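Here is a short report on one protein chain. Look through the structure first, then read on.

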Amino acid sequence: MRGAGLRFAIRTAVGLILAAVLLGGCSGTKPAAPAAAGELKTFSIRGKIVSVDATKASVLLDHEAVPGFMEAMTMSYKVKDRAALGELHPGDRIAAKLLVRQSADGYDDPELDQIVVTAQAGPDYRPAVEYHVPSAGDPVPDFRLLNQSGRTIHLAQFKGRVLLLTFIYTRCPLADFCPRMSRNFAEIDKALAADPALYAKTHLLSISFDPKFDTPAVLKSYGGAYTGLYTKERFAHWDFAAPPADELAALTQFFNVGVTPGEGQSLTHSLSTVLIGKDGKVAAWYPTNEWTPAEVVTAIKSAAAA
């Protein structure tokens, strides 16, 4: 442990030195494309939070290499949206946008925006809100939702079929999050459709946690785009729905979906995809974006055969 701590301290020190070089002129690194002085550049960044400094609105981040911009290192970053700090804790893994501004000497003012917690660390604090972690065998409450056709649906109505659900909001700007979940579901829907008997035993559900904006009309347009049938989509096998505003908290807390308002109309949120068996109980939970459609289809087939 002492050797590991020393290696981390060295790596942190090197990271901070490299950060100084980066901000002073970015020598030894090359931007992905030339930028005019004052131009804002955006890069995708992923890593693990080492510490949070609320007084400085910053986090110390042990991050992966940022392709075309900088190597993997540990350094401090300002957080653009201070409201997001309350959702960040040491050990959390995040994905975010790194914003830097081109100057005459290099790049200045690096800060993190659109932060999404992709994996939560085991908390050593008591959170203000207690989230339920979906586990195999957990009975799923009969939450009600308003779907893309303006009809009220209930989770209990899918008992007897295998239900795969995930959480999205239609304005999500991060390609690896809500859009990725919807692309994955589109691929799963096509795979299930290739087996009519299995198709009849299953259903897909994308739940928005932005009910004020994601009205039935918005969800219908969004859903039709992902199924590829647009206005011809009948949504017989895949629903897009949102809960009533007064039931949103109970729904997101049960499925362990953290949602925090960001700047403008953005929402900082975690991911949650849940496979529910024919008995209405949790069969599997996928809390990140690292699962593949193929592995989930295999899980669906197993649940349908049970």
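What follows goes from the whole chain to its strands, its helices and two single residues.

**The whole chain**

This is a predicted model. The chain has 306 residues, and 46% of them are buried. Its secondary structure comes to 6 helices and 14 strands. The accessible surface is about 14,900 Å². Carbon and sulfur atoms account for 56% of that surface.

How do contacts spread along the sequence? Take the contacts between residues at least 6 apart in sequence. Of these, 67% join residues at least 24 apart.

**Pairs of strands**

Strands of a sheet pair through backbone hydrogen bonds, either parallel or antiparallel. This chain has both kinds. The table lists three pairs.

| Strands | Sense | Bridges | One pair of opposite residues |
|---|---|---|---|
| Strand 3 (residues 73-79) and strand 5 (residues 106-119) | parallel | 2 bridges | Lys78 and Glu111 |
| Strand 4 (residues 93-103) and strand 5 | antiparallel | 9 bridges | Leu98 and Leu112 |
| Strand 8 and strand 9 | parallel | 7 bridges | Val162 and Thr202 |

Strand 5 appears in two rows: it pairs with strand 3 and with strand 4. A hairpin of 2 residues links strand 4 to strand 5.

**The open sheet**

Strand 8 and strand 9 belong to an open sheet of 7 strands. The strand order is 7-6-10-9-8-13-14, and the pairing is mixed. Which strands form the edges? They are strand 7 (152-154) and strand 14, each of which pairs on one side only. Neighbouring strands of this sheet are turned by 30 degrees against each other on average, direction ignored.

**Helix 4**

Helix 4 (residues 216-227) lies across strand 6 (144-147), strand 8, strand 9 and strand 10 (238-242). It runs at about 150 degrees to strand 10. The helix has 12 residues. From first C-alpha to last it reaches 16 Å, close to the 16 Å expected at 1.5 Å a residue.

Which residues of helix 4 are buried? They are Leu219, Tyr222, Gly223, Gly224 and Thr227. These residues pack against strand 6, strand 8, strand 9 and strand 10, and also against helix 2. Right after helix 4 comes Gly228. The phi of Gly228 is positive, near 90 degrees.

**Helix 6**

Helix 6 also packs on the sheet. It touches strand 8, strand 9, strand 13 and strand 14. Its direction makes about 145 degrees with that of strand 8.

The length of helix 6 can be checked too. Helix 6 (residues 293-305) has 13 residues, so at 1.5 Å a residue it should span 18 Å. Its end C-alpha atoms are 18 Å apart, which agrees.

Now look at which residues point inward. The buried residues of helix 6 are Pro293, Val296, Val297, Ile300, Ala303 and Ala304. They cover an arc of only 125 degrees around the axis, so they sit on the same side of helix 6. A general rule helps here. An α-helix has 3.6 residues a turn, so residues three or four places apart point the same way. On the other side of helix 6, Ala294, Thr298 and Ala305 are exposed.

What covers the buried residues of helix 6? The cover includes strand 8 (162-168), strand 9 (202-208), strand 13 (273-276) and strand 14 (282-286). It also includes helix 2 (178-193) and helix 3 (196-200).

**Two single residues**

Is Ser58 buried or exposed? Ser58 lies in strand 2 (residues 58-63). Its relative accessibility is 7%, so Ser58 counts as buried; the cut-off for buried is under 20%. Beyond its neighbours within four places in sequence, Ser58 is in contact with Val52, Asp53, Ser76, Tyr77, Lys78, Val79 and Leu85. One of these, Lys78, also stands opposite Glu111 in strand 5.

Glu39 sits in the loop between helix 1 (2-24) and strand 1 (40-53). At 34% relative accessibility, Glu39 counts as partly exposed, because it falls between the 20% and 50% cut-offs. Which residues does Glu39 touch beyond those up to four places away in sequence? They are Val100, Arg101 and Gln102. Glu39 and Gln102 are 63 residues apart in sequence. In space, they are 5.4 Å apart, C-alpha to C-alpha.

Conventions
Residues are numbered from 1 along each chain as its sequence is written. This is a predicted model: local features need pLDDT of at least 70, side-chain atom pairs count only at pLDDT 80 or more; totals for chains, interfaces and linings use all residues. Side-chain values use heavy atoms; hydrogens and water are left out. Helices (H or I, at least four residues) and strands (E, at least two) are DSSP runs, numbered from the N terminus. Buried means under 20% relative accessible area, exposed over 50%, partly exposed in between (1.4 Å probe, protein chains only). Contact means heavy atoms within 4.5 Å. Accessible areas come from the Shrake-Rupley method with a 1.4 Å probe; for residues, only the protein chains shown count as cover. Two strands pair if DSSP finds at least two bridges between them. The expected span of a helix is 1.5 Å times one less than its number of residues. The arc is that of the directions from the helix axis to the C-beta atoms. Axes are lines fitted to C-alpha atoms, for helices over the stretch in contact, and angles run from 0 to 180 degrees between N-to-C directions.
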